[in-house]
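Work through the exercises below with the sequence and the model side by side. Try each task before reading its solution.

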Amino acid sequence: MHCASMFRSQVDGRGRTLADTGRTLLKAGPPVLARLSDRAASIVFVLLVLGVSLGTADVAGGLILALSPLLVVLVMLLLVTREGYTRDGWRRLGMGRLGLRYWPLTIATTAGVCLLATVGVVAFGFARFAAPQQPWLADVLALCAAGPVLAFAEEIGWRGYLQPRLAFLGERAAMLTVGVVWIGWHLPYILSTPNYHSDGNRVVVLTLFSGSVIAFSFLIGHLRTMSASVWPAVLAHFTHNATFAALTIPIATEQPVVVNEYLSGDSGLFVMLGTAACAAAIGVSRAQAARLSLRASARG
């Protein structure tokens, strides 16, 4: 009787231990299969997102490509590194705070640059303001509905996932690297379809586009770092796209390639220079603030 009682006690104890362990695993989610360093995770992310871009540029009108940064982030978090089963994995994406303090600066440096670029092409005589010649309300509504979703799908990859994991390079090198990847991600869609930047001299257009993307990568990268949030990056991306598209409605020109590709539009010369100036001004301001803070700490 005593031995049987001891045996039942041991079995019951082991059963409770196994049950407790099972509940703990269910709460914690699947175990991490691959503890990749940030360096390794960023390399895998880049290879996956560029591979998807190359393979889907002409599929479904580019929709899969447009969503691919978000899709690859989910693959990384849920399948590759399994960070998505922890709070810290999602926290690093910067979705936990809105960064509202930086929204005015975000709008000023994106919509403001697009507006000044448009005023510039009018002032130099390449275009003129005119009443819209075609129905435009449906296009604006579609842009307002789809634009934020597509901006989020990109920025959660570039500034949400990739930029923080490139911190080992240093801040400026990380922003530059994100910009280069961002260019590479766009290239299959530009080169293999007629849907995006297909007008004008290809060398000139690609040069201006690449310069603009690098400038945007620094501008949006600064906003991401200052705010510790991905939402100013999403806002910047959407605001730029919406503003330059909306400003084509009241503009008439006999030189559409010069206006929309070379000077204004998405990535014309005026847009590139204006964005680069804003990024440089923010960078200088942040550097000065850091020096003053360091001096104050030294005195203290």
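A contact means heavy atoms within 4.5 Å. The model used throughout is predicted.

**Exercise 1. The chain as a whole**

Task: Describe the order of the secondary structure, then state what share of the residues is buried and what share of the contacts is long in sequence.

Solution.
- Step 1. Count the elements: the chain has eleven helices and two strands.
- Step 2. Put them in order. Along the sequence the pattern reads α-α-α-α-α-β-α-α-α-α-β-α-α.
- Step 3. Turn to burial. Of the 300 residues in the chain, 39% are buried.
- Step 4. Sort the contacts. Take those with a separation of 6 or more; 78% of them join residues 24 or more positions apart.
- Step 5. Add the surface. The accessible area of the chain is about 16100 Å², and carbon and sulfur atoms hold 68% of it.

**Exercise 2. A helix pair**

Task: Classify the packing of helix α2 against helix α7, and list the residues that meet.

Solution.
- Step 1. Choose the descriptors. Two packed helices are described by the angle between their axes and the distance between them.
- Step 2. Locate the pair. Helix α2 spans residues 38–56 and helix α7 spans residues 171–192.
- Step 3. Read the values. The axes come within 7 Å and cross at roughly 20°.
- Step 4. Classify. Angles under 35 degrees count as roughly parallel, so α2 is roughly parallel to α7.
- Step 5. List the residues. On the α2 side they are Val46, Val49, Leu50, Ser53 and Leu54; on the α7 side, Val181, Gly184, Trp185 and Pro188.

**Exercise 3. Salt bridges across the sequence**

Task: Take three of the six salt bridges. For each, find where the partners lie and how accessible they are.

Solution.
- Step 1. Start with Glu83 and Arg165. Their side chains form a salt bridge at 3.3 Å, N to O. Glu83 sits in the loop between α3 and α4 (87–91) and Arg165 in helix α6 (residues 137–165), so the bridge ties together parts 82 residues apart in sequence. Arg165 is buried, at 0% relative accessibility.
- Step 2. Go on to Arg128 and Glu254. Here the N to O distance is 3.2 Å. Arg128 belongs to strand β1 (residues 128–129), and Glu254 to the loop between β2 (251–252) and α10 (256–263); the two are 126 residues apart. Arg128 is partly exposed at 42%, while Glu254 is exposed at 61%.
- Step 3. Finish with Glu171 and Arg286. This salt bridge has an N to O distance of 2.6 Å. Glu171 is in helix α7 and Arg286 in helix α11 (residues 269–299), so parts 115 residues apart in sequence are tied together. Both partners are partly exposed: Glu171 at 36%, Arg286 at 24%.

**Exercise 4. Two residues in helices**

Task: Are His222 and Thr118 buried or exposed? What does each touch?

Solution.
- Step 1. Place His222. Helix α8 (residues 202–227) contains it.
- Step 2. Apply the cut-off. Buried means under 20% relative accessible area. His222 is at 6%, so His222 is buried.
- Step 3. Name the partners of His222. Leaving out residues up to four places away in sequence, they are Glu171, Met175, Ala279, Ile282, Gly283 and Arg286. Glu171 and Arg286 are the salt-bridge pair of Exercise 3.
- Step 4. Place Thr118. Helix α5 (residues 103–123) holds Thr118, which is buried at 6%.
- Step 5. Name the partners of Thr118. With the same exclusion, Thr118 touches Phe129, Leu247, Ile251 and Ser264.
- Step 6. Check a distance. The C-alpha atoms of Thr118 and Val259 are 8.5 Å apart, across 141 residues of chain.

**Exercise 5. A nonpolar surface patch**

Task: Which residues form the nonpolar patch on the surface, and which helix gives the largest share?

Solution.
- Step 1. List the members: Val59, Ile64, Leu71, Leu74, Trp90 and Met95.
- Step 2. Give the area. Together they have about 420 Å² accessible.
- Step 3. Assign the share. Helix α3 (residues 63–80) supplies the largest part, three residues.
- Step 4. Test one member. Leu74 is in helix α3 and is partly exposed, at 32% relative accessibility. Patch residues need over 30%.

Key. Residues numbered from 1 in each chain as written. Predicted model: local features only at pLDDT ≥ 70, side-chain atom pairs only at ≥ 80, totals over all residues. Heavy atoms only, no water. Patch = residues over 30% accessible without salt bridge, like charges linked within 9 Å, V, L, I, M, F, W, Y side chains within 5 Å. Areas by Shrake-Rupley, 256 points an atom, 1.4 Å probe, with all protein chains shown as cover. Salt bridge = Lys/Arg side-chain N within 4 Å of Asp/Glu carboxyl O. Helix = DSSP H or I, 4+ residues; strand = E, 2+ residues; numbered from the N terminus. Buried < 20%, exposed > 50% of the residue type's maximum accessible area, 1.4 Å probe, protein only. Axes fitted to C-alpha atoms, helices over the stretch in contact; angles between N-to-C directions. Parallel < 35°, antiparallel > 145°, perpendicular 65-115°, else oblique.
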